[in-house]
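Thanks for coming, everyone. Let me put today's structure on the screen, and then I'll walk you through it.

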Amino acid sequence: MNNKINKLSMIIVSIIIASSLSHGYALAESEITLVLEKTVFEPTARIFLTGTVVPGDAFYELVTIVVYDSNGNKIIQDRSNVEDGKFSALITGPLGSFDKGVYGIEASHVSATNKALIVIGINDLVHDQSTGMYLTPLKQIELGTNAAQVICMDKHMLVQSNHRDSVACVEPLTAISLETRGWGTLY
């Protein structure tokens, strides 16, 4: 019980720190780090994280990555190889989706004297509950969604422009036409 309270306290303190960051960074004693491009995700997002560790003589040991829910319960545990002092992982929610809320992602390694922790939020940012429609790609990006993770309405496809940093949700025939003309690339 005490362990859960400690973890929840750690998550709450990290929320305060993480809320002032536009990118998620966790550093402690420069032994292990954890980095995310953003800290708010959709429930079905695939969360790609990277980090560094100085493994010393334990170069063969894996980094342990644990995801805790807001109550401090361990809901996911993964392991990642360390190559040239770097590691990465792709995290998805249990059964492919996270519940809305706050989660802590912790990375540890046997050679590190610290654990790196980042707090993330899961929210259905791109879906307007009142209309049942998805927000426009531009609005989704303004809210922090990565362009490759923009969600389109039913029967629409995501196309990335080859000429500028923008995406569009278009009907399938239009998407094929745009790609054929060299305007963009289908996701």
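**Overview, sheet and core**

The protein has 187 residues, and 40% of them are buried. Keep in mind that this is a predicted model. The program assigns 3 helices and 14 strands. The exposed surface comes to about 11000 Å². Carbon and sulfur atoms supply 55% of that area. Now contacts. Take those between residues at least 6 apart in sequence: 51% join residues at least 24 apart.

How far can we trust the model? The average pLDDT is 79, and 79% of the residues score at least 70. Among the elements, strand 5 has the highest mean, 96. Strand 1, residues 24-28, has the lowest, 44. Residues 8-23 are below 50, and beyond near neighbours in sequence this stretch has 20 contacts in the model. Residues 25-30 also stay under 50, with 14 contacts beyond four places in sequence. Where pLDDT is low, the predicted coordinates should not be read in detail.

On to the sheet. Which strands form it, and in what order? There are 5 strands in an open sheet, running 3-9-8-5-6, with mixed pairing. The edges are strand 3, residues 40-41, and strand 6, residues 74-80; each pairs on one side only. Look at strand 8, residues 101-108, and strand 9, residues 116-122. These two pair in the antiparallel sense over 7 bridges. One bridge joins A107 to A116 in strand 9.

Next, the largest nonpolar core. This core has 25 residues. Which of them touch the most other members? They are I47, L49, I65, F87, I91, I105 and I120. Strands 2, 4, 5, 7, 8 and 9 each supply at least two core residues. Strand 9 gives the most, with 4. In soluble globular proteins, nonpolar side chains tend to be buried together.

Stay with I120 for a moment. Leaving out residues up to four places away in sequence, I120 touches L36, T39, F41 and I47. I120 also touches G101, V102, Y103 and I105. Two of these partners, I47 and I105, are on the list of best-connected core members too.

Last, the aromatics. The whole structure holds 2 aromatic pairs. In one of them, the ring centres of F59 and Y60 are 5.6 Å apart and the planes stand at 85 degrees, so this pair is edge-to-face. Are F59 and Y60 buried or exposed? Both are exposed.

Terms used: Residues numbered from 1 in each chain as written. Predicted model: local features only at pLDDT ≥ 70, side-chain atom pairs only at ≥ 80, totals over all residues. Heavy atoms only, no water. Phe/Tyr/Trp six-rings, centres within 6.5 Å; stacked < 30°, edge-to-face > 60°. Buried < 20%, exposed > 50% of the residue type's maximum accessible area, 1.4 Å probe, protein only. Pairing = 2+ DSSP bridges. Core = buried A, V, L, I, M, F, W, Y, C linked by side-chain atoms within 4.5 Å. Contact = heavy atoms within 4.5 Å. Areas by Shrake-Rupley, 256 points an atom, 1.4 Å probe, with all protein chains shown as cover. pLDDT = per-residue confidence, 0-100.
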